[in-house]
Amino acid sequence: MATILSVSGSPSATSRTARLLRHLDDRLREQGHDVTPLDVRTLPAEALLGADFGHPAVVGAAALFEEADGVVIGTPVYKAAYSGLLKSLLDLLPQYALTGKTVLPLATGGSTAHVLAIDYALRPVLSSMGAAHIVPGWFTLDKDISPGVDGTLTIAPGTAEALAQVTDTFSRVLGGRTAVLAPTG
Ligand SMILES: Cc1cc2nc3c(=O)[nH]c(=O)nc-3n(C[C@H](O)[C@H](O)[C@H](O)COP(=O)(O)O)c2cc1C
């Protein structure tokens, strides 16, 4: 079992990205992992925008990163890149906050024009923060995610299978890494 932090970088109160992550969190829990959700939008804006490294909420978020074996990073594509909200948190973390961690990058967007945003925008940032292994991610079109009023989530066929596959790969890599790193005897 691994400890996973699942981070949504959407500022939207009705975020499809967050709904998608919470759906995948359940899948990871079913596979035996301990998953903690973190919606960056719930952190105090004055801390994020004022670069308040010592704010308790920022310190708390940094501790969640430190404790995690694996991190899911989800972001909407904004202006052809990841969200500014996500960056505002990443900028307040230690330079190598992802050292030794396995990372699953996910994005949602309105246009396939930016299907590579994970690879050209997000992946280099995660690498610079020391991520040990960034597994293949997935870009999901917003129209393929349909949140129901009753809390259900419908994901378009094809997309659902692709998301399940990248999530299971992340889970498998994490399982292997935590088994290797676990003390024996
Ligand atoms: C300010 C803004 C900028 C956006 N820019 C892009 C973009 O450059 N490329 C794209 O594919 N989608 C873009 N979108 C669409 C969102 O990425 C898409 O609807 C996403 O699923 C929203 O996720 P959320 O509901 O989690 O916030 C933009 C949306 C907003 C509000």
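These exercises, each with a worked solution, deal with a predicted model.

**Exercise 1. A bridge between a strand and a helix**

Task: Find which parts of the chain are tied together by the salt bridge of Asp 39 and Arg 22.

Solution:
- Step 1. Locate the contact. The side chains of Asp 39 and Arg 22 come to 2.7 Å, N to O.
- Step 2. Apply the cut-off. A salt bridge needs a side-chain nitrogen of Lys or Arg within 4 Å of a carboxyl oxygen of Asp or Glu. The pair Asp 39 and Arg 22 is a salt bridge.
- Step 3. Place the partners. Asp 39 belongs to strand E2, residues 34–39, and Arg 22 to helix H1, residues 16–30, so the bridge ties together parts 17 residues apart in sequence.
- Step 4. Look for further links. Asp 25 joins Arg 22 and Asp 39 in a network of salt bridges.
- Step 5. Check the surface. Asp 39 is partly exposed, at 27% relative accessibility.

The background is simple: side chains of opposite charge can pair when their charged atoms come close.

**Exercise 2. Two bridges, two spans**

Task: Work out how many residues separate Arg 27 from Asp 168, and how many separate Arg 123 from Asp 119.

Solution:
- Step 1. Take Arg 27. Its side chain meets that of Asp 168 in a salt bridge of 2.8 Å, N to O.
- Step 2. Place this pair. Arg 27 sits in helix H1 and Asp 168 in helix H6, residues 159–181. They are 141 residues apart, and the bridge links distant parts of the chain.
- Step 3. Take Arg 123. Its side chain and that of Asp 119 form a salt bridge of 2.9 Å, N to O.
- Step 4. Place this pair. Both Arg 123 and Asp 119 lie in helix H5, residues 117–128. They are four residues apart, about one turn of the helix.
- Step 5. Add accessibility. Arg 27 is partly exposed at 30%. Arg 123 is partly exposed at 21%. Asp 119 is partly exposed at 41%.
- Step 6. Give the total. The structure has seven salt bridges.

**Exercise 3. The ligand shell**

Task: Describe what surrounds the ligand, and state what share of its accessible area the protein covers.

Solution:
- Step 1. Count the shell. The ligand is surrounded by 16 residues. Ser 10, Ser 15, Thr 17, Val 77 and Asp 142 are the closest.
- Step 2. Sort by class. Four shell residues are nonpolar, nine are polar and three are charged.
- Step 3. Assign elements. H1 and E4 each contribute at least two residues to the shell.
- Step 4. List polar contacts. A side-chain N or O atom of Ser 15 is 2.6 Å from a ligand oxygen. A polar backbone atom of Val 77 is 2.6 Å from a ligand oxygen. A side-chain N or O atom of Thr 108 is 2.7 Å from a ligand oxygen.
- Step 5. Read the cover. On its own the ligand has 640 Å² of accessible area, and the protein covers 72% of that.

**Exercise 4. Positive phi in a loop**

Task: Compare the phi angle of Lys 79 with that of Ala 80, and decide whether each is buried, partly exposed or exposed.

Solution:
- Step 1. Recall the background. Most residues other than glycine have a negative phi.
- Step 2. Read the angles. Lys 79 has a positive phi near 50° and is not glycine. Ala 80, also not a glycine, has a positive phi of about 70°.
- Step 3. Place Lys 79. It is in the loop between strand E3 (70–76) and helix H4 (84–90).
- Step 4. Place Ala 80. It is found in the loop between E3 and H4.
- Step 5. Apply the cut-offs. Exposed means over 50% relative accessible area, and buried means under 20%. Lys 79 has 85%, so it is exposed. Ala 80 has 24%, so it is partly exposed.

**Exercise 5. A surface patch and a buried strand residue**

Task: Characterise the patch that includes Val 115, then classify Ser 6 as buried or exposed.

Solution:
- Step 1. Name the members. Val 115, Leu 116 and Tyr 120 make up a nonpolar surface patch. Together they have about 290 Å² of accessible area.
- Step 2. Place Val 115. It lies in the loop between strand E4 (102–109) and H5. At 39% relative accessibility, it is partly exposed.
- Step 3. Turn to Ser 6. This residue is in strand E1, residues 3–8. Its relative accessible area is 0%, so it is buried.
- Step 4. Check a distance. The C-alpha atoms of Ser 6 and Gly 74 are 7.8 Å apart, with their positions 68 residues apart along the chain.

Conventions. Residues numbered from 1 in each chain as written. Predicted model: local features only at pLDDT ≥ 70, side-chain atom pairs only at ≥ 80, totals over all residues. Heavy atoms only, no water. Buried < 20%, exposed > 50% of the residue type's maximum accessible area, 1.4 Å probe, protein only. Patch = residues over 30% accessible without salt bridge, like charges linked within 9 Å, V, L, I, M, F, W, Y side chains within 5 Å. Areas by Shrake-Rupley, 256 points an atom, 1.4 Å probe, with all protein chains shown as cover. Near = heavy atom within 4 Å. Polar contact = N/O pair within 3.5 Å; in protein donor to acceptor, adjacent residues only side chain to side chain. Nonpolar A, V, L, I, M, F, W, Y, C, P; charged D, E, K, R; others polar.
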